[in-house]
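Thanks, everyone; I would like to walk you slowly through one structure today, so please have a look at it before I start.

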Amino acid sequence: MGRSSRRLLAPWGLAGVVVAATVALRVRDPHAGGWGTCPFLALTGLPCPVCGGLRAVNDLTHGDVVGALSSNLLVVAMLPVAAVWWVRWLRRCADAPEGTGAAAVLPAPSPRATWVTFVLVLAFGVVRWLPGAAWLAP
């Protein structure tokens, strides 16, 4: 395996894990149970911000975008963001100079992006608990 190929192992390895997890969700439908219960939901009775995420991914594998949005709007909205982040990481690894391992490290978001994401996830989690936003609940 050449050096340029080794630089791409980390991002392609993550892609392989994501594909395997997606296939597992396609094969074993989370709508039918069997993937366990969210610990936050079990303790509080309230859905966490990612509750319904497994069902959303399963729905997407069946081409049911509306069902996926109904399961978890946030997860569906974050998938394109995650894809862009992964492509940027892949390009960073491909463009890295020979002999450097820094490219294999996941690119860190800016502090601003981190805070914005944190606030959005927290707000989504709280809003989906409100009676008027029951359509956001999984």
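Which helix gives the most to the nonpolar patch? Helix H7, residues 111–127, does, with five residues, where helices are DSSP runs of H or I with at least four residues, numbered from the N terminus. Please keep in mind that this is a predicted model, in which local features need pLDDT of at least 70 and side-chain atom pairs count only at pLDDT 80 or more, while totals for chains, interfaces and linings use all residues. Residues are numbered from 1 along each chain as its sequence is written, and side-chain values use heavy atoms, with hydrogens and water left out.

The patch itself covers about 760 Å² of surface, and among its members are Leu46, Trp115 and Trp129; patches take residues with over 30% relative accessible area and no salt bridge (a side-chain nitrogen of Lys or Arg within 4 Å of a carboxyl oxygen of Asp or Glu), and nonpolar side chains, meaning Val, Leu, Ile, Met, Phe, Trp and Tyr, are joined within 5 Å. Accessible areas come from the Shrake-Rupley method with a 1.4 Å probe.

Leucine 46 sits in the loop between helix H3 (39–44) and H4, and this leucine is partly exposed, at a relative accessible area of 31%, with buried meaning under 20%, exposed over 50%, and partly exposed in between.

Moving on to helix H4, residues 53–61, we find Gly53, Ala56, Val57, Asn58 and Asp59 buried, and what covers them includes helices H2 (9–27), H5 (65–71) and H6 (73–95). After H4 comes glycine 63, with a positive phi near 80°.

Terms used:
Buried < 20%, exposed > 50% of the residue type's maximum accessible area, 1.4 Å probe, protein only. Helix = DSSP H or I, 4+ residues; strand = E, 2+ residues; numbered from the N terminus. Contact = heavy atoms within 4.5 Å. Patch = residues over 30% accessible without salt bridge, like charges linked within 9 Å, V, L, I, M, F, W, Y side chains within 5 Å.
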